[in-house]
Amino acid sequence: AVVSTQSGHYSRDYNTLHLSEGTMQVFVQGTSTHAVQVTKETTIEEIRQRICDIEQVSIEDLYFHYGGMPLEDGASFDSIPNLATIVASGKLLGGKVHGSLARAGKVKGQTPKVAAQEDKKKKKTGRCKRRIQYNQRFNAAVSPFGRKKGPNSNAA
């Protein structure tokens with residue numbers, strides 16, 4: 001499709017933009033991407049007002065960023081190159097947050113609740129275990145004759 005602005009248009013054949021002298025085009029990426037024709041003297045505030053009218057957002061809630069840096073209202077487009085993309089975003093509350101807050105607590109919420117187990121007596125380890133083994137094997141009453149009893153034998 002051919003996209004037209006105030007005095008420029010895209011050519012279907014070469015997909016290039018023909019603009020009048022002294023004007024340039026920038027893209028403003030909000031809920032959708034808007035092609036806006038500007039001059040070097042156009043201020044950020046004028047474009048913000050135009051995008052606010054299109055997107056139906058209050059001007060206090062809309063901020064422009066280019067190259068990761070916020071753009072001030074009084075600044076002009078002399079430092080922004082032709083066909084640059086400016087990001088329009090809403091006001092963010094709070095401090096620095098990494099990651100999406102929409103997924104906060106996702107893992108904990110998905111993990112099924114497991115009932116607490118009863119306390120089992122834990123196995124002895126280390127020196128204590130070796131002491132018990134020694135007492136079972138060598139200090140137990142030694143039967144003088146007969147077959148050797150196993151470790152699980154309850155016979156006296």
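Q: In β7, which residue is the bridge partner of Val-28?
A: This is a predicted model, with local features needing pLDDT of at least 70, side-chain atom pairs counting only at pLDDT 80 or more, and totals for chains, interfaces and linings using all residues. Residues are numbered from 1 along each chain as its sequence is written, and side-chain values use heavy atoms, without hydrogens and water. Strands are DSSP runs of E, at least two residues, and helices are runs of H or I, at least four, numbered from the N terminus. The β7 partner of Val-28 is Ile-86.

Q: How many bridges join β5 to β7?
A: Two strands pair if DSSP finds at least two bridges between them. β5 and β7 run antiparallel. One of the β7 partners is Ala-88, opposite Phe-64. The number of bridges joining β5 to β7 is 4.

Q: Which element supplies the largest share of the largest nonpolar core?
A: A nonpolar core joins buried Ala, Val, Leu, Ile, Met, Phe, Trp, Tyr and Cys residues through side-chain atoms within 4.5 Å. The largest has 17 residues, and Phe-64 and Phe-77 are among those with the most contacts inside it. β3, β4, α1, β5 and β7 each supply at least two residues. The largest share, 4 residues, comes from α1.

Q: Is Cys-52 buried or exposed?
A: Buried means under 20% relative accessible area, exposed over 50%, partly exposed in between (1.4 Å probe, protein chains only). Cys-128, at 24%, counts as partly exposed. Cys-52 has 3% relative accessibility, so Cys-52 is buried.
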